[in-house]
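Reader: Hello! I am new to this structure and would love a close look at a single part of the model.
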Amino acid sequence: MKKRRFLTIQIMVLTCVLAAGSIMVCWLLNSIFLEKYYVLQKKKDMVESFQIISEASALSQLESDDFEVVFDNICANGNISCMVLSTDGRVIRSSSADDSLLRQEMLQTLLSLKTQDVIQTDDNYQLLSTTDARLDSEYLVLVGSLENGEMIIMRTALESIRDSAALSNQLLLIVGLATIAVSLLIGAFMARRVTRPILQLTDISKKMVDLNFEAKYVPGAWKKDPNLRIGYLRRQRHELSVSGEDQAAGNEIDLLGDHMNRLSETLERTISELKSANISLQQDIEKKTQIDEMRKEFLSNVSHELKTPLALIQGYAEGLQECINDDAESREFYCDVIIDEAGKMNRMVKKLLTLNQLEFGNDQVVMERFDITELVSGVANASRILMDRQGITLEMEEPAPIYVWGDEFKLEEVVTNFLSNAMNHCEGKKRIRIFYTQEEECLRVSVFNTGKPIPEEDIEKIWDKFYKVDKAHTREYGGSGIGLSIVKAIMDSHGQRCGVINHEDGVEFWMELSTK
């Protein structure tokens, strides 16, 4: 918030400084040069007016009705007092209705003129600057002779020019204050328009630092239209390989946001590849030291586990061959035993092959970011029919999506084994509960079932291949003692932990997954 306010204040101050500076420059220029410019323009107007009257005099049009309109326009528009006198002193043209009063004022002006007052001279006229002591007013005076010898006197007051300049500066000051106020509003509006996408980019970059690449920049103008937003996100997903600024829409900030989206996609893909490569490297290092021991252990356990079902199959097959019982019911019983034992051997061999691939690292772990809550819900929903048949109640948290890193298909096998194990050992109140515990950089997924606790001396051994706590109960539901070994192998391949906790009324199996 402080950064946002600081940037907003900077933009507002900059806008106001630019507006105030521009107005101050205009005000200074007006104060210094406006009056001089008006005087210069007035001098030019008086000379041009003299030339027009002189041409009319040369054409003997001074006393014509047509020129009377021209003469009145010259005097009125230029705020000029003018009088044309003949050689005998008769007033030919006058800008005032009272010729005698104007003549008296003109004669007083002529008498007050001094040589040093001359500011411009020509063969036919002189342009002078004088001050009327009686009225304390400054005038521009033009005295000259026309083409036919007639005399002309023109006078204009400079005081009105100064008043106009002062009024102009006053109006400029008022307009300037209003402009500064408007600039503040415009600056605040522009600051919000600029800072909002910048803050959005800041939040995205912060999430990228935390390795959260879900957030994507969307230009603010498109947020109002869901269709445009969807189109924009689709373009982000499917056109990341297309380079060039023509793929970015909007202004420079939108272009920066587009590049950040591409950077986020690239970083997520690269981190995923690095995590997979890192796990693969760790597995390669450990593989060489474990392979011989695992092979020996594997052969020993397989031979031990296959001995019992093979002996049963052989015994019942020999019984069928020797026709120990000739009745159909006995033969069918012998066949059912052989088929049941062969099926158990088949399932055990498949699990052994899966476990063997995991332990030898032949089954590559593909790291990706996915929603674990969606995966757990899918496995639980698929098992609801079996739980309903057994009278088991399932309690499951349904939090917002929680994203973790891992091989989604292998972790589904872990959840399936946890839930299957819980169903097979669920007793008492027959209740299964699935819940989550968020820790600093990982998520713990737990599956709890009511029933007998695991003996303390067996807790460390349940992860070993073919180990069974209750062999009679395990054989009853067809367990092979390999499921938890597969769980342990999958979690080891991810570099994560798993475990079991005894409670007063049941057992909790858990696994931890990285969220970053």
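Which residues does threonine 179 touch, not counting residues up to four places away in sequence?

Author: Happy to help! This is a predicted model, in which local features need pLDDT of at least 70 and side-chain atom pairs count only at pLDDT 80 or more, while totals for chains, interfaces and linings use all residues. Residues are numbered from 1 along each chain as its sequence is written, and side-chain values use heavy atoms, leaving out hydrogens and water.

Leaving aside residues up to four places away in sequence, threonine 179 touches Ala19 and Ile23; contact here means heavy atoms within 4.5 Å. Alanine 19 lies 160 residues from threonine 179 along the chain, yet their C-alpha atoms are separated by 7.0 Å.

Threonine 179 itself sits in helix H4, which covers residues 159–209. Helices (H or I, at least four residues) and strands (E, at least two) are DSSP runs, numbered from the N terminus. The side chain of threonine 179 also reaches back to the backbone oxygen of valine 175, at 2.7 Å.

How open is this residue? Threonine 179 is partly exposed, with a relative accessible area of 31%. Buried means under 20% relative accessible area, exposed over 50%, and partly exposed in between, using a 1.4 Å probe and protein chains only.

For the wider setting, the protein has twelve helices and 13 strands, and 39% of its 516 residues count as buried. Among contacts between residues at least 6 apart in sequence, 64% join residues at least 24 apart.

Notes. Polar contact = N/O pair within 3.5 Å; in protein donor to acceptor, adjacent residues only side chain to side chain.
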